[in-house]
Amino acid sequence: MKRMILAAALSVMFAPLASAEGTDTPAVQAVKKHSSHMGMKQADLNEDGKIDIDEFTQKALNRAENTFTEIDKDGDGVITKDEYREFSLEKSKAMFKRMDRNGDGFLTSEDAQHRKFKKKSHKAKPQTQEAPAE
C-alpha cells in the first residue's frame, strides 16, 4: 500500500511538462534542487549513516504532499484540471524565462548553446597539474 501511494505521489511530482531538448522539466529541476538541499544527514532520520526504504519513502511522501499543496490552490484536498493547468503554466513560464538567456522573449540557438556549454562545464573534471620534475 505504501508503495502504491509513493508511486501515485511521484507521478504527480514528475508529470507536469515534457522537456525541450537539452533541458530538464520543472519536475526534474525541483527534484534536483530538493536532492541537493536534502542531504544525507537530513534524509537519514535514524542517524545510522544509511537511508533505508522507509526513510526514502517518507522524504518522497513529504515532497509529494508539499507539491500537492502547491498545486491545490483552494486547499480543498483535490486537484482540478484548472489547478493543474495553472501549475503547469507557471512552471513552464519559469522554465522559459530561465532558458531565454537574453530576455528577448524568444528561444534561440544562442540560448541553447549557452545551456549546452553550461551543462558540459559542470561535467568537466578539474585538471590537476603535476609537480615539475626535479
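These questions and answers go through a predicted model of one protein chain.

Me: Which pattern does the chain follow along the sequence?
Reply: The chain of this predicted model has 5 helices and 0 strands. Read along the sequence, the pattern is therefore written with helices alone, as α-α-α-α-α.

Me: What share of the 134 residues in the chain is buried?
Reply: A residue counts as buried when its relative accessible area is under 20%. Among the 134 residues of the chain, the buried share is 22%.

Me: How far apart are the end C-alpha atoms of helix α4?
Reply: Helix α4 covers residues 81-99, which is 19 residues. At 1.5 Å a residue, it should span 27 Å. The model agrees with this, the end C-alpha atoms being apart by 26 Å.

Me: Which residues of α4 are buried, and how wide is the arc they fall within?
Reply: The buried residues of α4 are E83, F87, S88, M95 and M99. Seen down the helix axis, they line one face, because they fall within an arc of 140°.

Me: Which exposed residues does the face of α4 turned away from its buried side carry?
Reply: Exposed means over 50% relative accessible area. D82 counts as exposed, at 53% relative accessibility. D82 is one of the exposed residues on the face of α4 turned away from the buried side, and the full set is D82, K93 and K97.

Me: What is the distance in space between D82 and I71, C-alpha to C-alpha?
Reply: D82 is in helix α4, while I71 is among the buried residues of α3. The two are 11 residues apart in sequence. From C-alpha to C-alpha, their distance in space is 9.8 Å.

Me: How far does α3 reach from its first C-alpha to its last?
Reply: α3 has 19 residues, and at 1.5 Å a residue the expected reach is 27 Å. The model comes close to that, with a reach from first to last C-alpha of 26 Å.

Me: Which residue caps the N-terminal end of α3?
Reply: The contact at this end of α3 involves the backbone nitrogen of D54. A side-chain oxygen lies 3.1 Å from that nitrogen, and the capping residue it belongs to is D52.

Me: How many salt bridges does the count come to?
Reply: Side chains of opposite charge can pair when their charged atoms come close. A salt bridge here needs a side-chain nitrogen of Lys or Arg within 4 Å of a carboxyl oxygen of Asp or Glu. By this rule, the number of salt bridges is 3.

Me: Which residue meets K91 in a salt bridge?
Reply: The N to O distance in this salt bridge of K91 and E70 is 3.1 Å. K91 lies in helix α4 and E70 in helix α3, so the pair ties together parts that are 21 residues apart in sequence. K91 is partly exposed, with a relative accessible area of 25%. The partner, at 34% and also partly exposed, is E70.

Me: How far apart are the closest N and O atoms of K73 and E90?
Reply: K73 is partly exposed, with a relative accessible area of 46%. E90 counts as partly exposed, at 34% relative accessibility. The two form a salt bridge, with the closest N and O atoms apart by 3.8 Å.

Me: Which residue forms a salt bridge with R85?
Reply: The closest N and O atoms of this salt bridge are 2.8 Å apart. R85 and its partner D82 are 3 residues apart in helix α4, which means a separation of about one helical turn. The residue that pairs with R85 is D82.

Me: What is the phi of E47?
Reply: Most residues other than glycine have a negative phi. E47 is found in the loop between α2 (26-43) and α3 (53-71), and E47 is exposed, with a relative accessible area of 69%. Although E47 is not a glycine, its phi is positive, at about 55°.

Me: How much accessible area do M40, I51, I53 and F56 have together?
Reply: I53 lies in helix α3 and is partly exposed, with a relative accessible area of 46%. With M40, I51 and F56, I53 forms a nonpolar patch on the surface. Together the four have an accessible area of about 360 Å².

Conventions:
Residues are numbered from 1 along each chain as its sequence is written. This is a predicted model: local features need pLDDT of at least 70, side-chain atom pairs count only at pLDDT 80 or more; totals for chains, interfaces and linings use all residues. Side-chain values use heavy atoms; hydrogens and water are left out. Helices (H or I, at least four residues) and strands (E, at least two) are DSSP runs, numbered from the N terminus. The expected span of a helix is 1.5 Å times one less than its number of residues. Buried means under 20% relative accessible area, exposed over 50%, partly exposed in between (1.4 Å probe, protein chains only). The arc is that of the directions from the helix axis to the C-beta atoms. Patches are made of residues with over 30% relative accessible area and no salt bridge: like charges are joined within 9 Å, nonpolar side chains (Val, Leu, Ile, Met, Phe, Trp, Tyr) within 5 Å. Accessible areas come from the Shrake-Rupley method with a 1.4 Å probe; for residues, only the protein chains shown count as cover. A polar contact is a pair of N or O atoms within 3.5 Å; within protein, one must be able to donate a hydrogen and the other to accept it, and residues adjacent in sequence count only if both atoms are side-chain atoms.
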